[in-house]
Amino acid sequence: MIRKGLRPRFRIGMNLPGDSPGYPDFWRFRRNWKIIAVLLVMDVIFLFPAVMVFSQASAGWSRLDSLFDLVGAVFLSAWLLGWSMAPLIISLILVIILLGRETLKIREGSIELSVGLPFVGFFAVYDVAKMRNLRLEDPPKKSGSSWRGKHIVFDYGANPFRFGSDVDDGQLAAISDGIHRITGSAIRKGDALPADIEPAWEIESDNLAVAETEENPASSAPVTLSSASTLLLIVVNLVPVAGTLFLGWHLSDVLVLYWAESAVIGFFNICKIIVIGKVLAFFAVPFFVGHFGGFMAIHFLFIYSIFVKGLQGVNDTGGELADVSQLLIGLWPALAALFVSHAFSFFSNFMGRKEFRRRTVGDQMSEPYKRIVFMQFVLILGGGLAMVLGRVEAVLIIVIALKIYFDVRAHIKEHASV
């Protein structure tokens, strides 16, 4: 349903008992013990493997003798981080069901409704002068609001808003009298004014974006081959060419560098999720770090075992950690350049062009894989060719050229429109 017209002011904050001189009232959430029992069973089911994996990950971190040990510990920790979101969310739902409440506070000219726990909640503030038709409603069974029982409803703009549970006529009269006494206004009856129901909530940000575009037309221009972020991406991707021609870089150096670039992409994707999701990012970011971290760990083991170990004869224990550290440290200037390129794109495109207005957390969670998986497939295919043909330098230049092509193509497509 598209909500239209007036909307309340929203915020998240503390819900302290003595912070309102006006009329306070609250309703505890109705408890369904069958649902609570089901949630408890589900919580235990999810917690059991989490405890087991935590024990294994702790043991893995205590004995880091080789790359295999490190990758195993990182993979288990990443899996645990992603998996833990399920019992954490279930536990939070249980706490909300058991302790949650709705609170009503009447202030001068407004009423404030909050949903949450005793000391913290999500608040919505309504202008009393624009509220209409305060009434009781007894919802039919199996309706979306049946869990409330008899509750209070009022109209605001084009939308009905509900609060309370198991409310009787006496409570409704007391609330109505409290509103009149504290605000000096009675909630009117009747239809909404045309100005109160016209604008749709969903297009409000679009109107703002249009206004910003009119003020700064360059912000709406699609990213092209000649855009600053694209040119910078091409330049920093040429660093491995210089390393190959003049610094004696091996195929393994280039592949490890591009693996590390995937971690940079993941870092800025976390920043994007935070900007888009706000409060939701508290759950989305750990879940993303969990599955992306596991992917990165296995991916590095694959590259190191085949290309680094295969080309440089690393011992059978999976590679000494000192050798791995030395390899990554030697690549830091090129990696720093790639970091600067992605940082520039983040601030100039994602933030500067307001791209976050058209993204959802779900879309952003999967965004890095569209770019990384195909890019790494090309790199590994080229790396295999180089190993088979033996002409590493020549094939390596081709691989880098292909990587630049697909990287630029994905960059332009990602930032094609505001």
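**Strands, a surface patch and two buried residues**

Let's start with a hairpin. Strands S3 and S4 form it, with two residues between them. Look at the turn: glycine 109 sits there, with a positive phi of about 85°. Keep in mind that this is a predicted model.

Now the pairing. S3 covers residues 101-107, and it runs antiparallel to S4 over seven bridges. Pick out one pair: threonine 103 has serine 114, in S4, as its bridge partner.

Next, the other side of the story for S4. A second hairpin, again through two residues, joins S4 to S5. How many bridges link S4 and S5? There are eight, in the antiparallel sense. One example is isoleucine 111, whose bridge partner in S5 is tyrosine 126.

So S4 pairs with S3, and S4 also pairs with S5. Is S4 largely enclosed or not? Strand S4 spans residues 110-117, and six of its eight residues are buried, so the rest of the structure largely encloses it. While we are on strands, here is a general point. In a regular strand, side chains alternate between the two faces of the sheet.

Let's move to the surface. There is a nonpolar patch here. Its members are Phe10, Ile12, Met14, Leu16, Phe119, Val120, Phe122, Val279 and Phe282. Together they have about 890 Å² of accessible area. Which strands supply at least two residues each? They are S1, residues 9-14, and S5, residues 120-127. S1 gives the largest share, three residues. Methionine 14, a patch member, lies in S1. And S5 you have met already: S5 is the strand that pairs with S4.

Now two residues in helices. First, asparagine 237. Find it in helix H6, residues 228-237. Why does asparagine 237 count as buried? Its relative accessibility is 1%, and buried means under 20%. What does its side chain reach? It makes a polar contact with the side chain of aspartate 407, at 3.4 Å. Beyond residues up to four places away in sequence, asparagine 237 touches Tyr258, Leu338, Ile400, Lys403, Ile404 and Asp407.

Second, histidine 342. This one is in helix H11, residues 332-351. Buried or exposed? Histidine 342 counts as buried, because its relative accessibility is 10%, and the cut-off is under 20%. Which residues does histidine 342 contact, leaving aside neighbours within four places in sequence? They are Glu261, Val264, Ile265, Phe268 and Arg371.

To recap: S4 is largely enclosed, a nonpolar patch lies on the surface, asparagine 237 is buried, and histidine 342 is buried too. Thanks.

Note on methods:
Residues numbered from 1 in each chain as written. Predicted model: local features only at pLDDT ≥ 70, side-chain atom pairs only at ≥ 80, totals over all residues. Heavy atoms only, no water. Patch = residues over 30% accessible without salt bridge, like charges linked within 9 Å, V, L, I, M, F, W, Y side chains within 5 Å. Areas by Shrake-Rupley, 256 points an atom, 1.4 Å probe, with all protein chains shown as cover. Salt bridge = Lys/Arg side-chain N within 4 Å of Asp/Glu carboxyl O. Helix = DSSP H or I, 4+ residues; strand = E, 2+ residues; numbered from the N terminus. Buried < 20%, exposed > 50% of the residue type's maximum accessible area, 1.4 Å probe, protein only. Polar contact = N/O pair within 3.5 Å; in protein donor to acceptor, adjacent residues only side chain to side chain. Contact = heavy atoms within 4.5 Å. Pairing = 2+ DSSP bridges.
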